[in-house]
Amino acid sequence: MIQQTNTQTMIEEITYNGQVLAIILPCEFRQPGIHFFTPDSFSQQLAYMRHPEGKIIKPHIHKQVRREVFYTQEVLLIKKGKLRVDFYNDDRDYLESRILQAGDVILLIKGGHGFEVLEELEMIEVKQGPYVGDNDKVRFSGIDGSQADVK
C-alpha cells in the first residue's frame, strides 16, 4: 500500500499497485476556486468549490452524453459521527484503514471496502445508477476492529 498525501492541498490518495483506490477530502480543506481531484477518465468526478459572495455561475444544461461505466464508484459525505473505512485489494486482501469524521468526503474508486461505525453516523452516499440489487456487488468476510491498521 502506498499512500500519497498532497500537503499543499491536504488531499489523500489511497493507492495499491499503482491504482487509486480512494481519494479522501478532509473537512479542513479550504482553498478558493474550483479544484478537481480526479482525472477526466474516472466515472465519478470529485471537486471542491469555494467562491466569494456575489460570484455568478451561469445557468447551464448538461448535454446528453453516452457514457460506459464498468465499476461503481461512490462518494460518501460524513455529516455526523465517525466511520472507519477498511480498504481491500481486488483479491479481497485487507490493506489498511482510515477514520473519517464529520465534514470529510471520500470517493471510493476501486478495490474493496468495508466500514465500521465508530460514533453515531449520518452520511450521504452518491453513486452511479441504476441500482441493480445483488448483481451490483460481491460481499465477503473482512477484518474486525481489532485487526484494523489505521493510518
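Student: What makes the contact between Arg98 and Glu96 a salt bridge?

Tutor: Good place to start! In this predicted model, the side chains of Arg98 and Glu96 come to 2.5 Å, N to O. The cut-off for a salt bridge is a Lys or Arg side-chain nitrogen within 4 Å of an Asp or Glu carboxyl oxygen, so the pair qualifies. Both Arg98 and Glu96 are buried.

Student: Which residues are linked with Glu96 and Arg98 in a network of salt bridges?

Tutor: Glu12 joins them: Glu12, Glu96 and Arg98 make up a network of salt bridges. The structure holds eight salt bridges.

Student: Why is the pair Glu120 and Lys80 called a salt bridge?

Tutor: Their closest N and O atoms are 4.0 Å apart. The criterion is within 4 Å, so this pair is counted. Glu120 belongs to strand E9 (residues 112-127) and Lys80 to strand E6 (residues 74-88), so the salt bridge ties together parts that are 40 residues apart in sequence.

Student: How do you know whether Glu120 is buried or exposed?

Tutor: Its relative accessible area is 59%. Exposed means over 50%, so Glu120 is exposed.

Student: And what makes Lys80 count as it does in accessibility?

Tutor: Lys80 has 37% relative accessibility. Partly exposed covers the range between the 20% and 50% limits, so Lys80 is partly exposed.

Student: What about Asp149: why is it called partly exposed?

Tutor: The reasoning runs along similar lines. Asp149 has 33% relative accessibility, which lies between 20% and 50%, so partly exposed is the right term. Asp149 also forms a salt bridge with Lys151, with the closest N and O atoms 3.1 Å apart.

Notes
Residues are numbered from 1 along each chain as its sequence is written. This is a predicted model: local features need pLDDT of at least 70, side-chain atom pairs count only at pLDDT 80 or more; totals for chains, interfaces and linings use all residues. Side-chain values use heavy atoms; hydrogens and water are left out. Helices (H or I, at least four residues) and strands (E, at least two) are DSSP runs, numbered from the N terminus. Buried means under 20% relative accessible area, exposed over 50%, partly exposed in between (1.4 Å probe, protein chains only).
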